[in-house]
Amino acid sequence: MAENTKRPMLTLSDLYDETIVYNSRPSYIANPWLKPEEHQSNFLTGREMIIADKMPMIVHEASATERLQQLFDIIGKSIPEHIYKFHNRETYEHLLNEIAEDKGKKIYFQYVHSDDVIDENTYAVDKEVFIALNNKARIPEWTNNNYLPDREIVAIDDFKARVKDWSFPFVIKPGDELPTAGGYGVMICYNEEDLEKATKRIFDATDATDNLIIEQKIEAVKNYCVQYAYSEELGIKYLGTAHQITNEYGFYAGNENVHEVPQKVIDAGREIMENGVELGFFGVAGFDLLLDKNGDVFAIDLNFRQNGSTSMLLLQHELNPNYQKFYSYFSRGDNEHFFNVILKYVKKDVLYPLSYYDGEWFGEDKVKSRFGCIWHGNSKEEVEELEKAFIAELDKSEL
């Protein structure tokens, strides 16, 4: 296919100069609220390749194989030339230090790494600023004490006593800068059984977390991820809003595009972004803002980092404008079959590939492949039918 000459609304190289390298991988060092399974963390390194343009990136070797290029060929894209590859923890940590020491570059981290792994002076965004902005306990500072559910920050040792004063339903979160993902670190409690499960998880994490947040459960009619970008040259730019699809316990099931966003939601997000920029933040950020039945806005999580749906927003003009959904899928075990089903739907021009973690890089069917993508079609109903057929084909045994 001919090269796709359409460009994203904005690329990473529009935001960062050539002295900065982008890194979306969590540290190999465990975090009890993120549980970064090694292959999933490696998979994350490929997600922004299409929107990177000329910005150098750190990418796992299995996320930049010929399989991905086959998918990119269909949409007229190429794997970027400006990538640094690694293949395990040792080569990853060595690469970070080589980029900083030998190449004299800064690294734009998506996730905090300990000083044992990389010196704090390597961060493109000041490490202390990055930690402060992503600390869930400090959300009131960045919202000017607006848009807040009822909440209480408690020492982990006092949690059992303090939680007795709360009526179900409520939400428990780590009260620090440790990242959570996909709802894994957010514990929604509707009853005593939920609280018991949450309490066990909390006390498994006592070595990593000092404080917890107990927060009112908002009955949301919409769950938005409102996104902005900032650079000195650009100023603050509203990138758009994605609607987050979650189940009743807050577990993530994808993002879909939104055609109409209340202005009060956009304004709330801009106010938060302005506070981050004033502190020294630059780059892309996305804020989880809920809208309840009264039309009130509540900030439940602030991610001063790129979000899964950032690519969908930046690529939206290359897609069917009616309905778009960002999500990712895992092989059922037969990686060849997995890839062939994906190929079929990408060729149908309903599935836009963003990333492919090639399990075959490790040997035949030793590791399950993963695929990050955007569905796009004439309606949500049409895409739901396509996705249902896609999943049924993935589930078919090829043995």
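Colleague: Is Gln244 buried or exposed, and what is its relative accessible area?
Modeller: A word on the basis: this is a predicted model in which local features need pLDDT of at least 70, side-chain atom pairs count only at pLDDT 80 or more, and totals for chains, interfaces and linings use all residues. Residues are numbered from 1 along each chain as its sequence is written, and side-chain values use heavy atoms, leaving out hydrogens and water. Buried means under 20% relative accessible area, exposed over 50%, and partly exposed in between (1.4 Å probe, protein chains only). Gln244 therefore counts as buried, with a relative accessible area of 13%.

Colleague: Which residue's side chain makes a polar contact with that of Gln244?
Modeller: Gln244 belongs to strand S10 (residues 235-246); strands (E, at least two residues) and helices (H or I, at least four) are DSSP runs numbered from the N terminus. Beyond four places in sequence, Gln244 touches residues including Tyr224, Cys225 and Tyr252, contact meaning heavy atoms within 4.5 Å. A polar contact is a pair of N or O atoms within 3.5 Å; within protein, one must be able to donate a hydrogen and the other to accept it, and residues adjacent in sequence count only if both atoms are side-chain atoms. At 3.0 Å, the side-chain partner of Gln244 is Asp288.

Colleague: How many residues apart are Arg370 and Glu37, the two ends of a salt bridge?
Modeller: A salt bridge puts a side-chain nitrogen of Lys or Arg within 4 Å of a carboxyl oxygen of Asp or Glu, and here the N to O distance is 3.2 Å. Arg370 lies in strand S16 (residues 370-377) and Glu37 in the loop between strand S1 (20-23) and helix H2 (38-44), so the pair links distant parts of the chain, 333 residues apart. Arg370 is buried at 7%, while Glu37 is partly exposed at 38%. The separation in sequence is thus 333 residues.

Colleague: Which helix holds both Glu385 and Lys388?
Modeller: Their closest N and O atoms are 3.5 Å apart, in a salt bridge. Lys388 is exposed, with a relative accessible area of 55%. Because the two are three residues apart in a helix, about one helical turn separates them, and that helix is H13.

Colleague: Over what arc do the buried residues of helix H5 (residues 89-101) spread?
Modeller: The buried ones are Tyr92, Glu93, Leu95, Leu96, Ile99 and Ala100. An α-helix has 3.6 residues a turn, so residues three or four places apart point the same way. The arc, taken over directions from the helix axis to the C-beta atoms, puts these residues on the same side of H5, because it covers only 155 degrees.

Colleague: Which residue caps the N-terminal end of H5?
Modeller: On the face of H5 turned away from its buried side are the exposed residues Glu90, His94 and Glu101. The backbone nitrogen of Glu90 lies 3.3 Å from a side-chain oxygen of the cap, Asn88.

Colleague: Which element gives the largest share of the largest nonpolar core?
Modeller: A nonpolar core is a set of buried Ala, Val, Leu, Ile, Met, Phe, Trp, Tyr and Cys residues joined through side-chain atoms within 4.5 Å. The largest has 81 residues, with Tyr108 and Phe371 making the most contacts inside it. Seven of its residues, the largest share, come from H12.
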